Amino acid sequence: MALTTDRLGLATLRRLPQESRPLLRPGTVPAGIVHLGLGAFHRAHQAVHTEAAVGAAGGDWGIIGVAPRSTGVVDALAAQDCLFSVTTLAAEGASTRAIGALTGVRHAASDPDAVVGLLADPAIRVVTLTVTEKAYRLDPVTAALTVDADLTADLTTGRPPRTVPGLLVRGLLARAAADAGPLALVSCDNLPANGRRLRGLVEQCLALARVPDATAERVLTAVTCPGTMVDRIVPASTDETRDAARRALGVTDLAAVAAEPWSQWVIEDDFPGGRPAWERSGAVLTDDAGPWERLKLRALNGVHSATAYLGALAGAETVAEALTLPHLDAVLRRLVTEEIAPSFTPPPGVDVTDYGEQVLARFANPAIRYRTTQVAMDGSQKLPQRVLHTVADLRAAGRSARWSALVVAAWLRFLLGYADDGRPLPLDDPLADRLRAALAAGAHTPAGVVDAVFALREVFPADLAADDEVRADVTGWLTALERHGVRATLADAR
């Protein structure tokens, strides 16, 4: 097909190859879902599942996508009649299909009152979120709300809300005032017990806002927060992503995303206003997403972080490249088999070691160019649930957590800001200033680094920070990484 500079949109749908056309035509399915967070993951995951569900079973479940901050994706989607494409990247080749699940887009920062109005609309019965862990403003250890001037103003003044919790609570209060009916708030972010944490966020915000008890009870009675587990590797979109979409579609898609073939969504089935038939898209509906969440956080996300930190230190640009490092796959297998598998009870019928092998095969997909430094972002928010919960559960059972300690040591080594060959490494973390200050104030030795960062209660619970065996293991690994580098440390690992 000859390439054209025309944009993807309703006017160009007939020019797409038949296999690349969307299952739904934007504008034909009324909105029933508001989604907060229009990033690549939502577009490659929940939007794809929802389009498949509505295509198979019908229903008024179009999605209005809300970008909290960036205007780029909103502008791109608005110019394309809310259409975008997903390119599935397998080792044997790629396939591209346009997605028509979105019925509208909004930009929260420029018109927050419009978003509040959407949340209060009785036609909306489900709100999903992919806003990253830090947007919830919850302490990763205690789940207590982190209160600052912006959040306080959102909840105690009449100004337009600027934070995600402010938007949610303003919307819920407006919904209760309008008697707009029940609503499910569905976190699709990698938070431990994400449903319970989201409900706790709402409860804490209502208390901070000094909402009368009767009103707060009315809000909470009408709202459910089903827990979820989401899983699909979706690297950041690049010019290469957009070029691949253009070659496949014959038109330009500035909102194109790419993803691996695998996609999984586990959802607690608690939707008082109804939901799409997501089970028709392959989603797992369950009474308890907890075992699935722990499986993914520990055996996938934890291994992902381990690969990213060790790979970045060794100079690997991508996760797949990192897995070619000698001995890394063997170390990761020991991490899964000897520590992650014994640390929790998996879902019925799931073997954690087999799941780990599947994870490593997915990470090794050479078509997925997931940058190690991208996975390494926000370590202070990710490590507690991805790695430290494994450590805590192992130690409570009297077991060693030596391989998990290597992951922690790799993060600490990454915080020092340079790779084994001296190249600088970026620190993109909401606690970046605190981490830098702690490291600057401590002794410039492996033990000093451990002392400094273990003192941060936002990351390390007091009991874990005081565990002499854990501190000794992390210090030993950090010493080896500092003296010998990743390759030699992995070669000598026992």
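In this predicted model, helices α18 and α20 cross in a right-handed sense. Helix α18 spans residues 446-454 and helix α20 spans residues 468-492; their axes come within 9 Å and cross at roughly 130°. Angles between 115 and 145 degrees fall outside the perpendicular and antiparallel classes, so α18 is oblique to α20. On the α18 side, the contact is made by P446, A447, V449, V450, D451 and F454, and on the α20 side by V470, R471, V474, T475, L478 and T479. By class, eight residues of this contact are nonpolar, two are polar and two are charged.

A second helix pair is formed by α6 (residues 164-178) and α7 (residues 194-208), which pack at an angle of about 75° with their axes 10 Å apart. The two helices are therefore roughly perpendicular to each other. P165, L168, V169, L172 and L173 of α6 meet L198, L201, V202, C205 and L206 of α7. The residues of this contact comprise ten nonpolar, no polar and no charged.

The model also contains pockets and cavities, for which the volumes and lining classes are tabulated below.

| Site | Volume | Nonpolar lining residues | Polar lining residues | Charged lining residues |
|---|---|---|---|---|
| Largest pocket | about 1,300 Å³ | 20 | eleven | 13 |
| Second largest pocket | about 580 Å³ | 14 | four | ten |
| Largest cavity | about 50 Å³ | four | three | three |

The largest pocket has a volume of about 1,300 Å³. It is lined by 44 residues, of which A40, F41, T132, Y370 and Q374 are the closest to its centre. Two or more lining residues come from each of α1 (40-44), β9, α10, α14 (372-375) and α15 (379-396).

The second largest pocket, with a volume of about 580 Å³, has 28 lining residues, and those closest to its centre are K134, A135, R137, D148 and T163.

Turning to enclosed space, the structure holds five cavities of 30 Å³ or more. The lining of the largest cavity consists of D189, N190, L191, N194, T228, M229, V230, E293, K296 and L297. Strand β9 (228-231) and helix α10 (290-313) each supply at least two residues of this lining. Both β9 and α10 also give two or more residues to the lining of the largest pocket.

Definitions and conventions:
Residues are numbered from 1 along each chain as its sequence is written. This is a predicted model: local features need pLDDT of at least 70, side-chain atom pairs count only at pLDDT 80 or more; totals for chains, interfaces and linings use all residues. Side-chain values use heavy atoms; hydrogens and water are left out. On a 1 Å grid over the protein atoms alone, a cavity is a set of points where a 1.4 Å probe fits but cannot get out, and a pocket is an open set with protein on both sides within 12 Å along at least five of seven lines; lining residues have an atom within 4 Å of a point. Grid points are joined across faces, edges and corners, and a volume is the space filled by probe spheres set on the points. Helices (H or I, at least four residues) and strands (E, at least two) are DSSP runs, numbered from the N terminus. Ala, Val, Leu, Ile, Met, Phe, Trp, Tyr, Cys and Pro count as nonpolar, Asp, Glu, Lys and Arg as charged, and the others, Gly among them, as polar. Axes are lines fitted to C-alpha atoms, for helices over the stretch in contact, and angles run from 0 to 180 degrees between N-to-C directions. Angles under 35 degrees count as roughly parallel, over 145 as roughly antiparallel, 65 to 115 as roughly perpendicular and the rest as oblique. A crossing is left-handed if the near helix is turned anticlockwise from the far one by less than a right angle, and right-handed if clockwise. Contact means heavy atoms within 4.5 Å.
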